[in-house]
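Student: Please take a close look at one part of this model. I would like a connected account, with the cut-off behind each term.

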Amino acid sequence: MIEQAKKALDILLEGNNRFVNGESTVTNRCVETLKSHKNGQSPIACIVTCSDSRVIPELIFDKGFGELFVVRCAGAVIGENILESVEYAVEHLHVPLVMVLSHDDCGVMKAAKEMYPKEPEHLKLLIRSVYEIIDSETECYNELARDYTLTKKRKLLKRSEILRQAYHDKKFEIVRGYLCFDSGEVKILN
Ligand SMILES: [Zn+2]
């Protein structure tokens with residue numbers, strides 16, 4: 001892993017460790033910090049995650065204003081808007097790390113597992129996208145959420161020339177994470 005990415009990942013995991021142990025600092029969540037960033041931002045990482053109200057990157061990584069560039073949609077399915085947002089983070093904000101973060105009890109994964117292979121009436125694009133890796137053998141939707149992070153990583157690189165080139169040039173790294181609701185821990189998936 002490139003050094004800047006490793007450094008950013010260590011900072012995220014240290015913050016998560018503080019969160020898990022009830023030692024969050026919240027020092028960067030005041031108006032003074034916001035004011036200090038009023039003319040620009042240089043976040044340490046881009047987090048691509050679900051809109052789920054229980055998944056709040058700044059809280060689980062003990063971060064505040066200006067530290068994380070967060071890209072969210074239900075299921076964190078990789079569509080065009082998500083792609084362009086990640087491109088912005090890498091190309092313009094120069095984040096060395098992109099984390100694709102999934103989580104326990106994801107509604108989109110649950111719906112996909114329950115409906116497969118029926119054509120969904122709601123959340124069509126999101127659920128169809130998850131169908132790409134589902135089959136009748138799929139038992140656990142949390143397992144599905146973990147596996148799906150690999151698809152997301154591949155899609156980021158396959159569908160964006162900008163990201164592919166930057167990745168090839170070792171400008172940034174992509175890691176896959178999984179948030180466990182019981183512990184608050186973010187596990188890094190290999
Ligand atoms: Zn979710």
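Tutor: A residue is called buried if 20 or more other C-beta atoms, placed from the backbone, lie within 10 Å of its own, exposed if 12 or fewer do, and partly exposed in between. The model is predicted, so local features need pLDDT of at least 70 and side-chain atom pairs count only at pLDDT 80 or more, whereas totals for chains, interfaces and linings use all residues. Residue numbers start from 1 along each chain as its sequence is written.

The part chosen is the pairing of helix 5 and helix 6, with the segments that lead into and join them. Helix 5 covers residues 107–115 and helix 6 residues 124–131; helices (H or I, at least four residues) and strands (E, at least two) are DSSP runs, numbered from the N terminus.

The approach to helix 5 comes from strand 3 (97–103), and D105 is found in the loop between this strand and helix 5. The phi of D105 is near 55°, a positive value in a residue other than glycine. Most residues other than glycine have a negative phi, and most peptide bonds are trans. D105 is exposed, since 12 other C-beta atoms lie within 10 Å. In strand 3 itself, V100 is buried, because 26 other C-beta atoms lie within 10 Å. Apart from residues up to four places away in sequence, V100 touches V48, A76, T149, K152, K153, I174 and R176, where contact requires C-beta atoms placed from the backbone to lie within 7 Å. One of these partners, K153, is 53 residues from V100 along the chain, and their C-alpha atoms are separated by 7.0 Å.

Helix 5 packs against helix 6 at an angle of about 70°, with the axes 9 Å apart; the axes are lines fitted to C-alpha atoms over the stretch in contact, and angles run from 0 to 180 degrees between N-to-C directions. The two helices are therefore roughly perpendicular, since angles under 35 degrees count as roughly parallel, over 145 as roughly antiparallel, 65 to 115 as roughly perpendicular and the rest as oblique. Helix 5 contributes V108, M109, A111, A112 and M115, which meet L126, I127, V130 and Y131 of helix 6. This contact comprises 9 nonpolar residues, no polar and no charged ones (Ala, Val, Leu, Ile, Met, Phe, Trp, Tyr, Cys and Pro count as nonpolar, Asp, Glu, Lys and Arg as charged, and the others, Gly among them, as polar).

K113 also belongs to helix 5. K113 is buried, because 20 other C-beta atoms lie within 10 Å. Leaving aside neighbours within four places in sequence, K113 is in contact with I134, T138, Y141 and L144. K113 and E139 are 26 residues apart in sequence, and their C-alpha atoms are 8.0 Å apart in space.

Two backbone features mark the passage from helix 5 to helix 6. A cis peptide bond, with omega about 0°, joins Y116 and P117, and P117 lies in the loop between the two helices. L123 lies in this loop as well, and its phi is near 50°, a positive value in a residue other than glycine. L123 is partly exposed, since 18 other C-beta atoms lie within 10 Å.

How values were computed. Contact = placed C-beta atoms within 7 Å.
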